[in-house]
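Me: I should like a close look at the interior space of this protein and at the parts that surround it. Please treat the matter in one connected account.

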Amino acid sequence: MLNGPRLCLRPLTVEALGALLGGDRAGAQRATGAVFPDPLAAPPLEEGALTRTRDRLAASPAELGWWAWLAVDRATGAAVGSPALSGPPDADGTVELGYATYPEFAGRGYAVEGGRLLLDWVFEDPRVRRVLAVVPPAHDASVSVARRLGLSVIGRAHDEEAGELLLLERARADQPTGPSVRH
């Protein structure tokens, strides 16, 4: 668990992911201690990733924390969103960061606070050299969050489904990165 001024981040366990995927509100609330928006739904943009995350964690429980987290408002207990990682650092020490906020909680700074908490946690691991975010340039709010988290644009990529994407990077403060990924 990671605690910030307004948020508590909790890694989503196999049990919590199973409950979210199965539409089991009581199970999701029991597994996370959070109150979810009605109707119960996975955080935006994460529906497809949750099944893969659950299966990966079931096979490799030691990777808990390297995937999806739940951001919970400490004052109300409400699930407000989900910062997430792409898994443990790769051979180059790179981890990808993403974040999603439930629509009713958008624009309140939760993505920035949750992202900061998760980045602080990630950079405690000496294997991590850099964090990447891949964001469609038209998603102004997501680009703004990435910049507020200290990520800078290092290039662009193209995805068949998503179209043009910005690649943003934040290097470990005490260690420069190697050659940046450019597409």
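By class, how many nonpolar, polar and charged residues does the lining of the largest cavity have?

Reply: The model is predicted, so local features require a pLDDT of at least 70 and side-chain atom pairs a pLDDT of 80 or more, whereas totals for chains, interfaces and linings use all residues. Residues are numbered from 1 along each chain as its sequence is written, and side-chain values rest on heavy atoms, without hydrogens or water.

The lining of the largest cavity comprises seven nonpolar residues, three polar residues and no charged residues. In this classification, Ala, Val, Leu, Ile, Met, Phe, Trp, Tyr, Cys and Pro are nonpolar, Asp, Glu, Lys and Arg are charged, and the others, including Gly, are polar. The model has one cavity of 30 Å³ or more, a cavity being a set of points on a 1 Å grid over the protein atoms alone where a 1.4 Å probe fits but cannot get out. The largest cavity holds about 40 Å³ of space, the volume being that filled by probe spheres set on points joined across faces, edges and corners.

The lining residues (an atom within 4 Å of a point) are Ala 71, Val 80, Gly 81, Ser 82, Pro 83, Tyr 99, Ala 100, Thr 101, Tyr 110 and Ala 111. Two or more of them come from each of β4 (79-85), β5 (94-101) and α4. The element that gives the most is β4, with four residues. Helices (H or I, at least four residues) and strands (E, at least two) are DSSP runs numbered from the N terminus.

Two of the lining residues lead outward to other parts of the fold. Tyr 110 is buried, as is Phe 105; buried denotes under 20% relative accessible area, exposed over 50%, and partly exposed the range between, with a 1.4 Å probe and protein chains only. The model contains three aromatic pairs, for which the rings of Phe, Tyr or Trp (its six-membered ring) must have centres within 6.5 Å, with planes under 30 degrees apart called stacked, over 60 edge-to-face and the rest tilted. Phe 105 and Tyr 110 form an edge-to-face pair, because their ring centres are 6.2 Å apart and their planes stand at 75 degrees. Tyr 99 of the lining has its C-alpha atom 9.2 Å from that of Ala 68, although the two are 31 residues apart along the chain. Ala 68 belongs to the loop between α3 and β3 and is buried at a relative accessible area of 5%.

That loop also takes part in an aromatic cluster, in which ring pairs link Trp 66, Trp 69 and Trp 121. The centres of the Trp 66 and Trp 121 rings are 4.8 Å apart and their planes meet at 50 degrees, so this pair is tilted. Trp 66 is in the loop between α3 (47-59) and β3 (69-73), while Trp 121 is in helix α4 (residues 110-122), so the pair ties together parts 55 residues apart in sequence. Trp 66 is buried at 8% relative accessibility, whereas Trp 121 is partly exposed at 22%. Glu 63 occupies the loop between α3 and β3 as well and counts as buried at 13% relative accessibility. Beyond residues up to four places away in sequence, Glu 63 touches Arg 56, Leu 57 and Pro 88, contact being heavy atoms within 4.5 Å.

Two of the elements that supply the lining, β5 and α4, recur around helix α5. Together with β6 (130-135) and β8 (163-171), β5 and α4 are among the elements that cover the buried residues of α5. Those buried residues of α5 (residues 140-148) are Val 143, Val 145 and Ala 146. Viewed down the axis of α5, they fall within an arc of 160 degrees and so line one face of the helix, the arc being that of the directions from the axis to the C-beta atoms. The face of α5 turned away from the buried side carries the exposed residues Asp 140 and Ala 141. After α5 comes Gly 150, with a positive phi near 90 degrees.

Definitions and conventions
1 Å grid on protein atoms, 1.4 Å probe; cavity = no way out; pocket = protein on both sides within 12 Å on 5 of 7 lines; lining within 4 Å.
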